[in-house]
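This report describes selected features of a predicted model. The sequence and structure are shown first.

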Amino acid sequence: MEFPSNIFPFAYLNGAVVPIERALVSPLDRGFLMGDGLFETLHIFAGAPLDLEPHLRRLDDSCDFFGLALPVRAELPEILGRVIAMNGLEGDDAPEAALRLTVSRGVSPSGPPTVLVHLRALDPGHLSKREVGVHLHRLPLGGRGAADLVQHKSSSYAASALSDVWLRSRPDHKATDEGLFVSRDGEVREGASCNVFAISGRRMITPPVSCGILPGILRSAVCAMGPELGYEVTEGTLTLDALLAADEAFVTSSTLHAAPIVAVGDRRIGAGVPGPQVLRLQTSLRERAQGQVAQWRERAL
C-alpha cells in the first residue's frame, strides 16, 4: 500500500506503535462504514502537541455526547509523545506537522473502540496562508448540518470533504483558497476547516457556537486573548456584508493559528494584503506556542 509522501512512517493503533503500512483498520469498523467516530487534529510545533489539554477536553465532551468509551484516555499524552518521538519530530528544528487522533466505535455498537494516531507534515501551501493570507470562496452549501452534531469533530465530515473537492475543481484554484459556509440569509458561519473573525476598529467579532459551528480550540484562545490585546470580543451575528466591510479579518485553526483573510470571492478585505492587526495577533500566538513547547518539554523530563 502506498502512502502520500507527507505521511510520517509510524502510527499508533490499538495499543502499539507500528509502521504506517501496518496500521490497518477492519473493513467492518463503524467509523469507516457509518462515520461513527470522532477525531482531533493537533498542531505539532517544535516537537510539542499544542493545546493538548483543550483538545482532550473537547474529545471527552464529544465521547460523552456520542456515548463512546475511551479506555486509553489517561494514557493519551504518553501515546502522543511516543508517536511524535518515533517519527523524529522532537527538537526546535522539527518540521511542523498535524497529528490526527481518531477514535471510532469499532466493529460493534458496544465496542471496543478503534484508536488511531498518525502524523502528516504541513505542506508549504498550507503554511503560506499565514503569511500571504487566505482567499475565501462562498460554498454552494448553506450550512454543515444539525447544530448539535456540528459542534463535535465527528468522522462524518462530508460537508468539509465536499468543500475541498469543490474548491479543487475550480480552474483558478490556489493553495491559499478556503471554503466559507454562509447561510441562505447571508450570515457567515465558518470556513470548511476554520473559524472566522472580523476586526472593525477595536472590535473583534466571530459567529457564536450556537449558530451551528465547531467550537475551535484556537477560536477559544483568540477570544480569551482579545481583551489582553485591547479588543472588545463579541460572539454575534456576522453577515457577509459586515465581513467584506471589515478593516481586517482572519481565520483560526489549530494548524494555521491565525491567517489573514485577504479576499472573499472577487472582493478584497481591507487592502487585500495581511494587515498589521492580524500580524500582531500572530506574534502573540507564536509566543503562546513557544510557551507551550517549554511546558511540554518540562513535562517529558
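**An exposed methionine and its surroundings**

Met34 has a relative accessibility of 52% and therefore counts as exposed, given that the exposed class begins over 50%. The residue belongs to helix α1, which spans residues 30-34.

Met34 also contributes to a nonpolar surface patch of about 570 Å². The other contributors are Leu28, Phe32, Leu33 and Val107.

**The six-stranded sheet**

The model contains an open sheet of six strands with antiparallel pairing, in the order β2-β1-β6-β5-β3-β4. The edge positions are taken by β2 (16-19) and β4 (48-49); each has a single partner strand, so one side of each lacks a neighbour in the sheet.

At one of these edges, β4 pairs with strand β3 (residues 37-45) in the antiparallel sense, over two bridges. Within this pairing, Ile44 stands opposite Pro49 of β4. Helix α3 (residues 76-86) packs on the sheet and touches β1 (10-13), β2, β3, β4, β5 (97-104) and β6 (114-121). The direction of helix α3 makes about 40 degrees with that of β6.

**A buried threonine in β3**

Strand β3 also holds Thr41. With a relative accessible area of 17%, Thr41 is buried, because the buried class covers values under 20%.

Leaving aside residues up to four places away in sequence, Thr41 touches His55, Ala98, Leu99, Ser254 and Thr255.

Conventions: Residues numbered from 1 in each chain as written. Predicted model: local features only at pLDDT ≥ 70, side-chain atom pairs only at ≥ 80, totals over all residues. Heavy atoms only, no water. Pairing = 2+ DSSP bridges. Helix = DSSP H or I, 4+ residues; strand = E, 2+ residues; numbered from the N terminus. Contact = heavy atoms within 4.5 Å. Axes fitted to C-alpha atoms, helices over the stretch in contact; angles between N-to-C directions. Patch = residues over 30% accessible without salt bridge, like charges linked within 9 Å, V, L, I, M, F, W, Y side chains within 5 Å. Areas by Shrake-Rupley, 256 points an atom, 1.4 Å probe, with all protein chains shown as cover. Salt bridge = Lys/Arg side-chain N within 4 Å of Asp/Glu carboxyl O. Buried < 20%, exposed > 50% of the residue type's maximum accessible area, 1.4 Å probe, protein only.
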